[in-house]
Amino acid sequence: MTEPSIDHRRAELVGNLARVRARIADAAAAADREPGEITLIAVTKFFPASDVRHLADIGITDVGENRHQEAEAKAASCADLTSLCWHFIGGLQSNKAAAVARYADVVQSVDRAKLLPGLARGAAERNRTLGVMVQVSLDPADRGGTRPRSGVLPAETLRLADAVAAESDLRLLGVMAVAPLGEDPSPAFERLARVAEQVRAHHPGATAISAGMSGDLEAAIRFGATHVRVGSAILGNRPLSK
Ligand SMILES: *Cc1c(COP(=O)(O)O)cnc(C)c1O
């Protein structure tokens, strides 16, 4: 017999997922785009592997995690779900890069060249190519600063993208960003679209734009997002928000 609480959780996820899919469809229609061009990544950080299983069962193909130890354990306990694509979307230390590349299919948070040798080594050990997105800082406060808080500066994105593309075990997929907190996300996503275009001009295969979360996926889709990363709107509020 199935636990009633598990049925309840599953029903909750089914309802939340339907609402998010409807939002994506509406936003795509408003932007004259096909919803099928937009990959929904369920961000399962802080939630158990049992939720990943429910989600895989109800049609989720891509999951996102932002903390290495948690992601590594969850991916290991879901190793039988072989068609699931794991995206690493969190801050990355260079001494952990190879370890992340051993379970992640895509690393979206690449913000410096120092990560590349480790990522390439981890991918090579696994005998497969690792998808990489370059994380771009959209925070205007970063422009004058020394080291951007999250992501490479827009003006330096192409150079990092070139370095990714030069690694034979890495495949440059495109760019990723988080809109700055407490601001209208649209101008930020518009800047990201311009950076993405620049990268694509040099690397035609790098078509991905990962942007948009629970609160701003509509704006991201309006400005060309091909991947949205949705956590709380699908899984509920996280116990400890980062
Ligand atoms: C947690 C997280 C998300 C999902 O955020 P929600 O607001 O819960 O949808 C998306 N992207 C990154 C990089 C995150 O860390």
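User: What counts as a polar contact with the ligand?

Analyst: A polar contact is a pair of N or O atoms within 3.5 Å. This is a predicted model, in which local features need pLDDT of at least 70 and side-chain atom pairs count only at pLDDT 80 or more, while totals for chains, interfaces and linings use all residues. Residues are numbered from 1 along each chain as its sequence is written, and side-chain values use heavy atoms, without hydrogens and water. Here a ligand nitrogen lies 2.9 Å from an N or O atom in the side chain of Arg229. A ligand oxygen is 2.8 Å from a polar backbone atom of Gly231, and an oxygen of the ligand is 2.7 Å from a side-chain N or O atom of Arg238.

User: How much of the ligand's accessible area does the protein cover?

Analyst: Accessible areas come from the Shrake-Rupley method with a 1.4 Å probe. Alone, the ligand has 390 Å², of which the protein covers 88%.

User: Which residue has a charge over a ring?

Analyst: The test is NZ of Lys or CZ of Arg within 6 Å of the ring centre and within 35 degrees of the ring normal. Arg67 lies over the face of Phe46, 4.2 Å from the ring centre.

User: What is Val228 in contact with, beyond four places in sequence?

Analyst: Contact means heavy atoms within 4.5 Å. The partners of Val228 include Ile24, Leu40, Ala211 and Ile221.

Definitions and conventions:
A polar contact is a pair of N or O atoms within 3.5 Å; within protein, one must be able to donate a hydrogen and the other to accept it, and residues adjacent in sequence count only if both atoms are side-chain atoms.
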